[in-house]
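Student: I should like to examine how the descriptive terms for a structure are justified. May we take them one at a time and set each against its criterion?

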Amino acid sequence: MLIIKDIYNLKTYLKAFRDKGYSIGYVPTMGALHEGHGSLIEKSHNDNQKTIISIFINEKQFNDTQDFEAYPRNKGDDYNFCQKHNVDIIFEPSAEEIYPKEYKSIQNSHFQNILCDEYRPGHFNGVVTVLSRLFTIIESDKVYFGEKDFQQLKIVEKLIKENFPNLKLVPVSTVRSDEGIALSSRNKKLSKKQMLDLILFQKEVVQFIANLDKKIDLIEANKKAGEFIKPYEKFDYFEFRNASNLSFEGSLSESRLFYAIYKSGVRLIDNLEF
Ligand code: AMP
């Protein structure tokens, strides 16, 4: 396994792979790796001869400096994790390497003013900016994204369609704990008690969904969602949206439930399908 920090060396190794005719799968991450990331890596191994993962905590996508500073970091564990998952290259660049002085930010123009875009203004501009840069540097055949960050997945789908026609996007289902909690780097920040609260909340949400008539439309479903979430603690959104265009059109059976909640200052997002 190679750990590469600079673009020049990275390109040299990637070219050697390409010259041998190897297909390359790419998994972008912000580190603090867990089996959710592991599932993206394994999917890439199934599809490609070589797999590269990037670890880069992209400050541009944090609209809150404190959140950026507090984001979990565990380098040594990440290297062991990648070794265990037979990653071929870890690309771990510095901010200076990714953003040279002349580099211009990109504006996202899709799925705006809803869900995370409404509550984290500028977040997706940071996401498309770093991904455009990374896709251009790495030029993989395929790239792997989790459905856990569903709005991000939809935005990346547009980005690739418009700007990277040779890159194939592969979505990967959310990996959950036995109790149904979506694995997330941010879960590491929860105490045992907060995790137990989250498990209880998740069970109640699953029960709430199971009791709904799947034929009702999303307007009615969201009235019920609003009632359900009222007694709970701080949340940014808790709503059903059409899974193909993230609108409020259609029936419950075509939707996912999207939520962003806070557990003692830790912001957690998830989406549940039927
Ligand atoms: P992150 O390091 O949080 O930026 O995530 C990197 C990639 O891993 C993104 O495509 C995420 O959607 C994906 N991912 C994160 N958690 C999970 C999970 N529990 N299941 C599947 N994919 C995930």
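Student: Which residues are closest to the ligand, and how many surround it?

Tutor: In this predicted model, 17 residues surround the ligand, and the closest are T29, G36, G146, V175 and L183. Two or more residues of this shell come from each of the elements α2 (35-47) and β5 (142-146). The most is given by α2, with four residues.

Student: What is the make-up of the shell around the ligand by class?

Tutor: The shell around the ligand has seven nonpolar, eight polar and two charged residues. Glycine counts as polar in this scheme, so G36 and G146, both among the closest residues, belong to the polar class.

Student: What makes strand β3 "mostly covered"?

Tutor: Strand β3 comprises residues 50-55, and six of its six residues are buried. A residue is buried if 20 or more other C-beta atoms lie within 10 Å of its own. K50, I52 and S54 point one way from β3, while T51, I53 and I55 point the other way, and all are buried. In a regular strand the side chains alternate between the two faces of the sheet.

Student: How do you know that β3 pairs with β2 and with β4?

Tutor: Pairing requires at least two bridges between the strands. Strand β2 (residues 24-29) is joined to β3 by six bridges, and the two run parallel; therefore the criterion of at least two bridges is met. In this pair, T29 stands opposite I55 in β3. Strand β4 (residues 89-91) pairs with β3 in the parallel sense over three bridges, and here I53 stands opposite I90 in β4.

Student: Which elements make the β-α-β unit, and what is its handedness?

Tutor: The unit is made by β2, α2 and β3, and it is right-handed. With the strands pointing away from the viewer, the path from the first strand over the helix to the second therefore runs clockwise.

Student: Why is K60 called buried?

Tutor: K60 has 20 other C-beta atoms within 10 Å. The term applies at 20 or more, so K60 is buried. Its place is in the loop between β3 and α3 (65-70). Not counting residues up to four places away in sequence, K60 touches S105, G126, T129 and V130.

Student: Why is S140 called buried?

Tutor: S140 has 27 other C-beta atoms within 10 Å. The criterion is 20 or more, so S140 is buried. S140 is found in the loop between α7 (123-138) and β5. Leaving aside its neighbours within four places in sequence, S140 is in contact with I24, G25, Y26, I52 and L167. The C-alpha atoms of S140 and V27 are separated by 9.7 Å, although these residues are 113 residues apart along the chain.

Student: Why is N86 called exposed, and what is notable about its phi?

Tutor: N86 has 11 other C-beta atoms within 10 Å. A residue is exposed at 12 or fewer, so N86 is exposed. The place of N86 is in the loop between α4 (75-84) and β4. N86 has a positive phi of about 55° although it is not a glycine. Most residues other than glycine have a negative phi.

Student: Why does L246 count as partly exposed?

Tutor: L246 has 19 C-beta neighbours inside 10 Å. Buried begins at 20 and exposed ends at 12, so L246 falls in between and counts as partly exposed. L246, placed in the loop between β7 (235-242) and β8, has a positive phi of about 60° although it is not a glycine.

Student: What joins β8 and β9, and in which sense do they pair?

Tutor: Strand β8 (residues 255-263) and strand β9 (residues 266-273) pair in the antiparallel sense over eight bridges, and Y259 stands opposite D270 in β9. The two strands form a hairpin with two residues between them, and S264 in the turn has a positive phi of about 45°.

Student: How many residues of domain 1 and domain 2 are in contact?

Tutor: The domain assignment gives domain 1 (2-172) and domain 2 (190-269). Eight residues of domain 1 are in contact with seven residues of domain 2. On the domain 1 side, α6 (115-119) and α8 (150-163) are the elements that give two or more residues. The residues of that side divide into six nonpolar, one polar and one charged.

Notes
Residues numbered from 1 in each chain as written. Predicted model: local features only at pLDDT ≥ 70, side-chain atom pairs only at ≥ 80, totals over all residues. Near = placed C-beta within 6 Å. Contact = placed C-beta atoms within 7 Å. Domains from an automatic or database assignment.
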